[in-house]
Amino acid sequence: MITFLVSLVALVLGYLLYGRLVERVFGPDDRVTPAVSKADGMDYIVLPSWKIFMIQFLNIAGTGPIFGAIMGAKFGPAAYLWIVFGCIFAGATHDYLSGMLSMRHGGAGLPELIGKYLGKTTKGLMLVFTVLLLIMVGTVFVYSPAEILHNIWGSTLMWIIIIFAYYIIATMLPIDKIIGKVYPLFAFSLLFMAAALLVMLLVKWPSLPELWTHLENMGFSADANWTDQIFPCLFITIACGAISGFHATQSPLMARCVKSERMGRPIFYGAMITEGIVALIWATVSMYFFYNDPTPGYDVMGVASGYHTSAPAVVNIVCNDWLGIFGGILAMLGVVAAPITSGDTAFRSGRLIVADWLKMNQRPIAKRLAICIPMFACSIAMLIWQIENPDGFNTIWQYFGWSNQALSVFTLWTLTVYLARNHKPYILTLIPALFMTTVCSTFLFISKQAFHLDPTLAYSLGAVCFCIALAWFCLWYVKFKKSIKQ
């Protein structure tokens, strides 16, 4: 528990100190924001800052800081290091700068920003990649809450139909009609769940593995079949609680609703730190569930599946055991609402990205439908395949996990080029960009879903990718400096 408390304090200090540094580097001012200059009553609407924070937090949360933290906790206390350092120096910086950069460019979507700073070819590739990722997110976040809800009442298919119908309505309506009214309530449920679990942890004060005693990959000792390498798999498994490329597709939604640039740090950086705290709490709850000494939580709770218990099952078991019926219901509302609300804003982001690319006005409903119908058709096709394939959900989730982190790589490089061009300390994003480039490339080489190479060879190739990325940036920067002198 000492490691947990130190990590919690570190996240708060990260917001207060490093967040302020990142804000000063960007330099928010009093210029007119897109929410005011481009107000259209549909997507560009001024909203109260507290409401934007709640919506941003719920948009980026999904099941990532919960399910990812639970699965990542199997590696042991190393998960704490990634959540804290990843969140402060990579994830929150990534979210803040991408949101503010979108605001500075009229509420531009992520592919537009990538194209401006990394070139038109990269823009074209990332346009397709981003829209596919968003459709994948929407599909995954239909299926996962439906699986949880059908355990309470009804069938999975019934809940899929209900959730998908909601997606269609929420994606089509102005952002203040459903999202602006309902999301703050759902965000409260998610925050209540985290706060209630935090209180229970402090009351129980379980004996958990600490960084100074169990920094190794505990998955190996707990289960001989747990063959994932702590590097890079931990950094892919815990995504939304540390850094997530998906967030950069959501920040422009709120960048179109912010009245003043000075609200950016509490909204973008603050929402990511809050998500990191949620991930930290669930990682600690999972440490209790898997590794409490002398008796693991799963044994105390009489869970037959033990160490193999799935992430959704851990949520159900812990919430009902620790929080009782009422608390369990409210907690489950937050867990179910988070992926649903991330799913609908994923489709909304996809609609806006395609609309920006086609330069299509989104006020007429017919033009919204022209973009949404193909997206929904692709998602339905994925859903059908997912339902009929016994391992369909796991397959889509694994590809989503890597794609999500790969998107953060392109966002970080975009931000690095922006900072370098504007003579700002680009080291803030260069280090995370190089690190995540190495993580994603190594995972591609070592993963069973990709090349599945020997770990030594995979690490070597990952190091080569690091060197290539660093050389590319150095060459570009030298060329850029020469162009300025001329």
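**Exercise 1. Find which residues Thr-414 touches, leaving aside residues up to four places away in sequence, and say whether Thr-414 is buried or exposed.**

Solution. Start with the neighbours: with residues up to four places away in sequence set aside, Thr-414 is in contact with Leu-113, Ile-114, Tyr-117 and Leu-118. Bear in mind that this is a predicted model. Next, locate the residue: Thr-414 belongs to helix α17, residues 392-421. Finally, check the accessibility. Buried means under 20% relative accessible area, and Thr-414 has 2% relative accessibility, so it counts as buried.

**Exercise 2. Work out how α1 and α5 are arranged and what kinds of residue make their contact.**

Solution. First take the geometry: helix α1 (residues 2-26) packs against helix α5 (residues 78-104) at an angle of about 30°, and their axes lie 10 Å apart. Angles under 35 degrees count as roughly parallel, so α1 is roughly parallel to α5. The handedness comes next: α1 and α5 cross in a right-handed sense. Now look at the contact itself. From α1 it includes Phe-4, Leu-11, Gly-14 and Tyr-18, and from α5 it includes Ile-83, Val-84, Phe-89 and Leu-97. To finish, sort the residues of this contact by type: 16 are nonpolar, 4 polar and 2 charged.

**Exercise 3. Repeat the analysis for α5 and α13.**

Solution. Begin with the angle again: α5 and helix α13 (residues 264-291) pack at about 155°, with 8 Å between their axes. Angles over 145 degrees count as roughly antiparallel, so that is how α5 runs relative to α13. The crossing of α5 and α13 is right-handed. Among the residues that meet are Gly-91, Ala-92 and Tyr-96 in α5, and Phe-268, Gly-276 and Ala-283 in α13. By type, the contact of α5 with α13 has 16 nonpolar, 6 polar and 2 charged residues.

**Exercise 4. Decide how far helix α4 is enclosed by the rest of the structure.**

Solution. List the buried residues of α4: Gly-64, Pro-65, Ile-66, Phe-67, Gly-68, Ala-69, Ile-70 and Gly-72. That is 8 of the 9 residues in this helix (residues 64-72), so α4 is largely enclosed by the rest of the structure.

**Exercise 5. Describe the chain as a whole, from its helices and strands to its compactness.**

Solution. Count the elements: there are 19 helices and 0 strands. The radius of gyration is 22 Å, close to the 23 Å given by the globule rule for 486 residues, so the chain is as compact as a globular protein of that length. Along the principal axes, the C-alpha atoms fill a box of roughly 65 × 50 × 40 Å. Burial rounds off the picture: 59% of the 486 residues count as buried.

Key: Residues are numbered from 1 along each chain as its sequence is written. This is a predicted model: local features need pLDDT of at least 70, side-chain atom pairs count only at pLDDT 80 or more; totals for chains, interfaces and linings use all residues. Side-chain values use heavy atoms; hydrogens and water are left out. Axes are lines fitted to C-alpha atoms, for helices over the stretch in contact, and angles run from 0 to 180 degrees between N-to-C directions. Helices (H or I, at least four residues) and strands (E, at least two) are DSSP runs, numbered from the N terminus. Angles under 35 degrees count as roughly parallel, over 145 as roughly antiparallel, 65 to 115 as roughly perpendicular and the rest as oblique. A crossing is left-handed if the near helix is turned anticlockwise from the far one by less than a right angle, and right-handed if clockwise. Contact means heavy atoms within 4.5 Å. Ala, Val, Leu, Ile, Met, Phe, Trp, Tyr, Cys and Pro count as nonpolar, Asp, Glu, Lys and Arg as charged, and the others, Gly among them, as polar. The radius of gyration is taken over C-alpha atoms; the globule rule is 2.2 Å times the number of residues to the power 0.38. Buried means under 20% relative accessible area, exposed over 50%, partly exposed in between (1.4 Å probe, protein chains only).
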